[in-house]
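Please look over the sequence and the model below before reading on. The explanation moves from the whole chain to single residues.

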Amino acid sequence: CAEGRYSTVGEGQISSIVECANKCSAGKWSNQVGLVSDNDCTQCTAGRWSSETGLISDTACSGICPGGKFSSIGGLSSDSQCINCDANEFLVDDGDDATNHNSAKDCIPCKNGTFSQPGSRYCESCAAGKEQINSTCFDCTVGQFSVASKTKSDINTPISCKRCQKGYYQDQVGNPYCLPCLPGSFQVLAGQSSGNKCPANT
């Protein structure tokens, strides 16, 4: 039988090309002749996949695990069989180079202060007005605020909400600032959602 095909009749017993109709299955290939079983075909290398049959080279396994995913085993027939990088890891390459997708070591840990969901190409950080808890951003509650990291000392620290200081308040969620008390009002407590009206004649 020709490359990429096999016959269950057995080598030396083939009497018709029809008996070589079997092709190496999806996720496999062969550049050898005279195969008698699909098990004789070679698996597509780790990081690659192919849904086509009858391939005659590994490079013909043209599918590569997409960004954020890898496979340390061969013989894949679909990208759905690729494995997600863990949460708080990333893998940028988006199916361009199979050698970047053939091991869990290809998944790179996020830097401190950033996070990712499983299967991510990039890490991210929470926007101002939110705080990071594990791998999720949550709105700051009323009476709180947060600002994006700007200095070298805190750029590697996950963003967190802080209470509004005395004399300020915030009555909305998810804000990057607090509001000063309006004329005629005051606030002597931190972390409040409103100001207090000044007493009469004061």
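The paragraphs that follow treat the overall form of the chain, then a few of its residues.

This is a predicted model. The chain has 18 strands and zero helices. Its radius of gyration is 30 Å, whereas the globule rule gives 17 Å for 202 residues, so the chain is more spread out than a compact globule. Along the principal axes, the C-alpha atoms fill a box of roughly 110 × 30 × 20 Å. Of the 202 residues, 30% are buried. The accessible surface comes to about 11800 Å², and carbon and sulfur atoms account for 50% of that area. Counting contacts between residues at least 6 apart in sequence, 46% join residues at least 24 apart.

Gln-43 gives one view of the distances involved. This residue belongs to strand 4, which covers residues 42-43. With a relative accessibility of 44%, Gln-43 counts as partly exposed because the partly exposed class runs between 20% and 50%. Outside its neighbours within four places in sequence, Gln-43 is in contact with Gly-27, Lys-28, Trp-29, Asp-58, Gly-74 and Gly-75. Cys-181, by contrast, is 138 residues from Gln-43 in sequence, and the two C-alpha atoms are 70 Å apart in space.

Ser-50 sits in the loop between strand 5 (48-49) and strand 6 (63-64). Is Ser-50 buried or exposed? Its relative accessibility is 5%, under the 20% limit, and therefore Ser-50 counts as buried. Leaving out residues up to four places away in sequence, Ser-50 touches Ala-26, Gly-27, Cys-44, Leu-55, Ala-60, Cys-61, Leu-76 and Ser-77. Gly-27 is thus among the contacts of Ser-50 and also among those of Gln-43. A polar atom of the Ser-50 side chain lies 3.2 Å from the backbone nitrogen of Glu-52.

Asn-88 lies in another loop, between strand 8 (83-84) and strand 9 (89-90). Most residues other than glycine have a negative phi. Asn-88 is not a glycine, yet its phi is positive, at about 70°. The relative accessibility of Asn-88 is 33%, which places this residue in the partly exposed class.

Further along the chain, Val-188 is found in the loop between strand 17 (185-186) and strand 18 (196-197). Val-188 counts as exposed because its relative accessibility, 51%, is over 50%. Together with Phe-186 and Leu-189, Val-188 makes a nonpolar surface patch of about 260 Å².

Conventions: Residues are numbered from 1 along each chain as its sequence is written. This is a predicted model: local features need pLDDT of at least 70, side-chain atom pairs count only at pLDDT 80 or more; totals for chains, interfaces and linings use all residues. Side-chain values use heavy atoms; hydrogens and water are left out. Helices (H or I, at least four residues) and strands (E, at least two) are DSSP runs, numbered from the N terminus. Buried means under 20% relative accessible area, exposed over 50%, partly exposed in between (1.4 Å probe, protein chains only). Contact means heavy atoms within 4.5 Å. Patches are made of residues with over 30% relative accessible area and no salt bridge: like charges are joined within 9 Å, nonpolar side chains (Val, Leu, Ile, Met, Phe, Trp, Tyr) within 5 Å. Accessible areas come from the Shrake-Rupley method with a 1.4 Å probe; for residues, only the protein chains shown count as cover. A salt bridge is a side-chain nitrogen of Lys or Arg within 4 Å of a carboxyl oxygen of Asp or Glu. A polar contact is a pair of N or O atoms within 3.5 Å; within protein, one must be able to donate a hydrogen and the other to accept it, and residues adjacent in sequence count only if both atoms are side-chain atoms. The radius of gyration is taken over C-alpha atoms; the globule rule is 2.2 Å times the number of residues to the power 0.38.
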